[in-house]
Amino acid sequence: MTRPLLKVAAIETLSPLVKRFRFEDPEGAPLPVFSGGAHVTVEMADGDVLRRNSYSLISDPNDGSGYEIAVRREDRGRGGSRYLHEAVAEGDLLAVSPPANLFALDLRARRHVLIAGGIGITPFLSQLRQLDRAGQPWELHYAVRSRAEAAGLALLPESAHVHLHVSEEGSRMDIGAILDGQPLGTHVYACGPEGLIAAVADQAARLGWPAAAVHSEAFAAPPPGEAFEVVLAASGRSVAVGPRQSLLEALEAAGAEIDSSCRGGACGRCETAVTACEGRILHHDHWLSEAERAAQTRIMPCMSRFKGARLELDL
Amino acid sequence: MPQTEFTPSIDSRPTYAALVPQGSAPALMVADAAGAAALADLASADAAVMDRAHVLLVGAPAAAADRIAALGPVSVHPAPDAEAALPLLAQLLSTARMGTQLYLAGGEGLIGQVAAQALAAGMAAGAIQAEHRGPVARRMQCVHCKGFTEEVETDPFTCAHCGLTLFVRDHFSRRLGAFQGVCVDAEAPGEIPETREIRP
C-alpha cells in the first residue's frame, strides 16, 4: 500500500492528555475524501523502531484539504502516542495511509444513537458531520470521567442532541434508559473501552434489538505479554517478538511481507495461516470465530500472541 | 398442517422456517386464514408471546379471529384483504419501538408485502420471522410493465396488466416483496412451454 508523506500542518492541545494533529499534502493537493468513522494509519520512525498506529479521522469527511486526528497520550502504552505528543512538530512529514472505514454508518437507519466513552468520541466527530449533511436524526451520548478530560467537547457542535455524562459529577450514563423506547429503525454505535461496548451490546440484546442494528469499534492497542519466537515457514527463519512489541510489528521489522489496516484485530487484513503450533495462541482479536480460535490454524498478528514451544506461520 | 418444504434454489429465494417465540417482547403479528394456525402454534410453544402482541388477521374467518383473541393478545384487527390490512400495519409500525418482533404466517404474497413494508419502516430483517402456511402461490412483478399479479400458481402465467406470458423466476425482491416474472417467448414469439404448477 502506498503511504504518502503528509505534512503536519497544525498541532493543538485539546486537553491535558489529548492533542489534535492536522495533516495536509505538502504541495497543497487535495486528499481523498472519506466517510464518517474512517481511520488512517500513521507511521512513525521512532529511532530504529517503525511504529504504526491507527487513528479515527475527526475532520469533515467531505473536506479533502486535510486530515485531522485526536491523539490521547498513553504513558503506559507502547510509545506511539507519546512519540506523536513529544517528538512530532509542525512542519514534519509523516507517512499516513489512505482512509479506511471499519465503523461506517448504516445509511438504512432512520435514526442514529452514538455512544462514546472517553477518547472513543473520535469516530463520531466525522460521523456527525456526515449525518448533519444528510439531514439524518441523531443523538450523541458522551461519557467522560471529568470535564477537564473531555477533549471532544471543544470539537462537538452546539446541539441539544449532544448529551454529556460526567461520572465525577455524578451524571453517569444509563445505557438501558438511552436505548429503551427508541423508534423503529434506530441503530446504535458504541466506541470506547471494552466495558462500555459490552454494556451497550448487553442492553441492546436485553431490549430485543437485532444484532444488525448494533455497531461498535474498539481500537484496542496490542496487549503486551511475554516474549516469544515465531518461525517463518518459507525460509525457516526465526523472528523474536519482544514483550511490548506486537507479532505484526516484529514481522514487519524482520521484513516479512504482511498486509494490515486497522492494527486492532477488527479488519481481518493481517489474518495469517498457522502451519505449526505446539502451544497456545493467545487470541486478542475480534475477527476469528470461536471455532477458528480453537483450531489454532489462523492468527491475527496485529493483536495476538503465543505461549509454547513452537509457532510457525505461512510466511 | 405441516410446514412447507422448499425446493433448493438461488440464495436470494426466501425460505421460511417455523416461527420461534421471542418471549414477551413487544410484537406485531400478521397472518391469513392458514397462517392463523401458526400463530396458535407459536402461542402454545410460549403463551408469553401474546402479552404485548397486536395481531392483524387478513381474510380470516370470524372463528379464527375468536381463537386468536382467546390467546390473550393486546388487540386483534381483522381485515378483508392485504390492501385493507397494509394501512393498519403502517399505523402499528409508526408507533412501534426498537425491540418489536414481527411474526408473519401464511401465503408468500402476504409475507412478502408485509415484510417489505416493515423493512421500509426501518425494521431490521433480524426482527422479522415468517412461516409459510397454506397453498403455494406467488406474488409476481412483471419486469416489463411493472404490474403485480397476485396468487400466481402456474409457470408460465399471464401478466394481469400487460398480458405477456411470463416465466416465474426464483429471483425475489425484498423491496417489492415479489418475485420477478420475465417474458417467456421474447426470443421466439408464440413458443410457450407447457404450463406447470409452481413448486414451493
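The exercises below work through a predicted model with chains A and B.

**Exercise 1. Domains of chain A**

Task: State which domains chain A is divided into, and describe how domain 1 of chain A meets domain 2 of chain A.

Solution.
Step 1. Chain A is divided into domain 1 (5-96), domain 2 (111-217) and domain 3 (228-313).
Step 2. Between the C-alpha centres of domain 1 of chain A and domain 2 of chain A there are 24 Å.
Step 3. In the contact, domain 1 of chain A supplies 18 residues and domain 2 of chain A supplies 14 residues.
Step 4. On the side of domain 1 of chain A that touches domain 2 of chain A, 9 residues are nonpolar, 7 are polar and 2 are charged.

**Exercise 2. Domains of chain B**

Task: Give the domains of chain B and the make-up of the contact between them.

Solution.
Step 1. Chain B has domain 1 (27-132) and domain 2 (138-195).
Step 2. Taken over C-alpha atoms, the centres of these two domains of chain B are 28 Å apart.
Step 3. Domain 1 of chain B gives 7 residues to the contact, and domain 2 of chain B gives 9 residues.
Step 4. The side of domain 1 of chain B that touches domain 2 of chain B holds 3 nonpolar, 3 polar and 1 charged residues.

**Exercise 3. The contact between the chains**

Task: Find how many residues each chain brings to the contact between chain A and chain B.

Solution.
Step 1. Chain B brings 16 residues and chain A brings 14 residues.
Step 2. Sorted by class, the side of chain B that touches chain A has 9 nonpolar, 6 polar and 1 charged residues.

**Exercise 4. A sheet in chain A**

Task: Give the order of the strands in the 5-stranded open sheet of chain A, and find which strands stand at its edges.

Solution.
Step 1. The order is 13-12-16-14-15, and the pairing is mixed.
Step 2. Strand 13 (238-241) and strand 15 (298-299) of chain A each have a single partner strand, so one side of each is left without a neighbour in the sheet; these are the edge strands.
Step 3. At one edge, strand 12 (residues 228-232) of chain A runs antiparallel to strand 13 of chain A, joined by 4 bridges. Glu229(A) has Ala240(A), in strand 13 of chain A, as its bridge partner.
Step 4. At the other edge, strand 14 (residues 272-282) of chain A is joined to strand 15 of chain A by 2 bridges, again antiparallel. Here Ala273(A) is paired with Arg298(A) of strand 15 of chain A.
Step 5. Strand 14 of chain A also pairs with strand 16 (residues 305-313) of chain A, in the antiparallel sense and over 8 bridges. Val274(A) has Leu313(A), in strand 16 of chain A, as its bridge partner.

**Exercise 5. Partners of strand 6 of chain A**

Task: Describe how strand 6 of chain A pairs with strand 1 of chain A and with strand 3 of chain A.

Solution.
Step 1. Strand 1 (residues 5-13) and strand 6 (residues 93-96) of chain A are antiparallel, with 3 bridges. Leu6(A) is opposite Leu94(A) in strand 6 of chain A.
Step 2. Strand 3 (residues 39-46) of chain A is also antiparallel to strand 6 of chain A, with 2 bridges. Val42(A) has Val96(A), in strand 6 of chain A, as its bridge partner.

**Exercise 6. Glu74(A)**

Task: Locate Glu74(A) in chain A and decide whether Glu74(A) is buried, exposed or partly exposed.

Solution.
Step 1. Glu74(A) sits in the loop between strand 5 (67-72) and helix 1 (80-87) of chain A.
Step 2. A residue counts as buried with 20 or more other C-beta atoms within 10 Å, and as exposed with 12 or fewer.
Step 3. Glu74(A) has 16 other C-beta atoms within 10 Å, so Glu74(A) is partly exposed.
Step 4. From Glu74(A) to Ala150(A) there are 76 residues in sequence and 15 Å in space, C-alpha to C-alpha.

**Exercise 7. Helix 4 of chain B**

Task: Compare the expected span of helix 4 of chain B with the distance between its end C-alpha atoms, and find how far the helix is enclosed.

Solution.
Step 1. Helix 4 (residues 108-120) of chain B has 13 residues, which at 1.5 Å a residue should span 18 Å.
Step 2. The end C-alpha atoms are 18 Å apart, which agrees.
Step 3. Of the 13 residues, 10 are buried, so helix 4 of chain B is largely enclosed by the rest of the structure. Among them are Leu110(B), Ile111(B) and Val114(B).
Step 4. After helix 4 of chain B comes Gly122(B), with a positive phi near 105°.

**Exercise 8. Nonpolar cores**

Task: Name the residues with the most contacts inside the largest nonpolar core, and list the contacts of Leu39(B).

Solution.
Step 1. The largest nonpolar core has 92 residues, and those with the most contacts inside it are Met29(B), Val30(B), Leu39(B) and Leu57(B).
Step 2. Leaving aside neighbours within four places in sequence, Leu39(B) is in contact with Met29(B), Ala31(B), Val55(B), Ile68(B), Tyr103(B) and Ala105(B).
Step 3. Another core lies apart from the largest one and has 23 residues, including Leu102(A), Leu251(A), Leu313(A) and Leu315(A).

How values were computed. Residues numbered from 1 in each chain as written. Chains lettered and ligands numbered in written order. Predicted model: local features only at pLDDT ≥ 70, side-chain atom pairs only at ≥ 80, totals over all residues. Contact = placed C-beta atoms within 7 Å. Nonpolar A, V, L, I, M, F, W, Y, C, P; charged D, E, K, R; others polar. Domains from an automatic or database assignment. Core = buried A, V, L, I, M, F, W, Y, C linked by C-beta atoms within 7 Å. Expected span 1.5 Å × (residues − 1). Pairing = 2+ DSSP bridges.
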